[in-house]
Amino acid sequence: MISSKSSHILGARVPSESEHLSDLQRELEKRRSSLSGLTSRNRTGIRTDSTTAVSTSMGMEDPSANLFPPPLPQPGICMWKYLDFHSMQRLEKTATVEEMREVLAELLGLGSSEQSLRDAITLDLFTHALIFCRQRGFSLEQMSAACAMLQDLHKACVATPLGNVEECYRYFTSVLFCHGVRRPPFSIDLFKEEQLLALADYVVNTYFRHFKLYKYVFTPQVRLDLSLTYMGLEPPKPWTEVKEGINELEEESVIPEGEEPEEEAELEQKTGKVSTLQTYIKTQLNKEVGQLQHLMEEQLKACEERLNSKMNALERPTQLPPSKGKNKTK
């Protein structure tokens, strides 16, 4: 049996959580509007081919296998997802940034920075995220969840070479809500409201600000091979057949020295006819252009004469007509 007092407490707690969730949604919508303006200014140019393999520790598939954006995973609780309690204790014991980088590289299975540029960028991403969590005074559980949310966001970004910044931002905000409101088993109140807003600001100003740069490094180049087929026309020949035909023509055009084929004489004769035709066309065109130019000059001259006559008429002083009445004498 639930007492009336406990039911009253539960009834009073539910609206407070809903109000808390609505406040978080409003704050994140403001940051989303600023993010959309930021990503519209970030433009990338020509991309180069990516030859380095994706790190196996991140569990990323080949983005070139499917060019359509894959569906994002369902948001859920990320505490102890990638970095467990013992891993966070090892990171907590590190005193310098270099020690933290070494432990992170070992836990995430990343190689050395000199061998793989992608591993170096990934290591920098999580190192700065842990430094931010330490500066904010996050607990081990909060640091583990923050790193897991950032890693899932990074996976969603590099899953496709196509643009999906809006989808990734909506996924990230949904994961944030899973750690801000106590609604087990769907969400927990791991972070306070100001901690969630600080974490959202940090991710927007660091990861989403350089979203296209991360996609540039971690995804391959996409090229479009477009072929058109018109109704009623023969389909175009493959490039291999066209290349073979060009090679055959080049081989036939090779003539031994000392021989003057008849084709050369016919070609010269055709060239002479073409030059005669070109000369005739140029002569007729010049004649027509001269006539048009003469006609335009005559029209301009007549228009100028009419304009001058009107201006002269306006410049003449106007004379008043004589009065018909006589002056009256007293």
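This is a short walk through one protein model, from the overall layout down to a few single residues.

Okay, hi everyone. Before anything else, please keep in mind that the model is predicted. Let's start with the big picture. The protein has ten helices and zero strands. So if you read the elements from the N terminus on, you just get α-α-α-α-α-α-α-α-α-α. The protein has 330 residues, and 28% of them count as buried. Now take the contacts between residues at least 6 apart in sequence: 77% of those join residues at least 24 apart.

Next up, a pair of helices. Have a look at H2, which covers residues 85–93, and H5, which covers residues 140–158; the angle between them is about 105 degrees, and their axes are 10 Å apart. That makes H2 roughly perpendicular to H5, since anything from 65 to 115 degrees goes by that name. And which residues in H2 and H5 meet? On the H2 side you have Phe85, Met88, Gln89 and Glu92, and on the H5 side Leu140, Met143 and Ser144. Sort the residues of that contact by class and you get four nonpolar, two polar and one charged.

Let's stay with H5 for a moment and turn to empty space. In general, you find it by rolling a probe the size of a water molecule over the atoms, which shows where space is left. Here, how many cavities of 30 Å³ or more does the structure hold? The count is one. The volume of the largest cavity is about 50 Å³. Its lining is made up of Ala129, Phe132, Cys133, Ala146, Cys147, Leu150, Leu199, Tyr202 and Val203. Three elements give two or more residues each to that lining: helix H4 (117–135), H5 and helix H7 (193–206). As for class, the lining has nine nonpolar residues, no polar and no charged ones.

Now follow the chain into the loop between helix H6 (165–177) and H7, where you'll find Cys178. Is Cys178 buried or exposed? Cys178 counts as buried, because its relative accessibility is 9%, and the cut-off for buried is under 20%. Skip the neighbours within four places in sequence, and Cys178 is in contact with Pro75, Gly76, Ile77, Phe186, Ser187 and Ile188. Take Ile188 from that list: it sits ten residues from Cys178 in sequence, and the two C-alpha atoms are 6.2 Å apart in space.

That loop between H6 and H7 also holds Pro185. Here's something to zoom in on: Pro184 and Pro185 are joined by a cis peptide bond, with omega at about 0 degrees. Further along, Lys192 also lies in the loop between H6 and H7. Lys192 counts as exposed, because its relative accessibility is 53%, and exposed means over 50%. Lys192 and Val181 are eleven residues apart along the chain, and their C-alpha atoms are separated by 8.9 Å.

One last stop, back towards the N terminus. Trp80 lies in the loop between helix H1 (4–41) and H2. What is phi of Trp80 near? The angle is near 60 degrees, so we have a positive value in a residue other than glycine. Trp80 is partly exposed, as its relative accessible area is 27%.

To wrap up, there are three things to find on your screens: the roughly perpendicular pair of H2 and H5, the cavity lined by nine nonpolar residues, and the cis peptide bond between Pro184 and Pro185. Thanks, everyone.

Technical notes. Residues numbered from 1 in each chain as written. Predicted model: local features only at pLDDT ≥ 70, side-chain atom pairs only at ≥ 80, totals over all residues. Heavy atoms only, no water. Axes fitted to C-alpha atoms, helices over the stretch in contact; angles between N-to-C directions. Helix = DSSP H or I, 4+ residues; strand = E, 2+ residues; numbered from the N terminus. Parallel < 35°, antiparallel > 145°, perpendicular 65-115°, else oblique. Contact = heavy atoms within 4.5 Å. Nonpolar A, V, L, I, M, F, W, Y, C, P; charged D, E, K, R; others polar. 1 Å grid on protein atoms, 1.4 Å probe; cavity = no way out; pocket = protein on both sides within 12 Å on 5 of 7 lines; lining within 4 Å. Points joined across faces, edges and corners; volume = space filled by probe spheres on them. Buried < 20%, exposed > 50% of the residue type's maximum accessible area, 1.4 Å probe, protein only.
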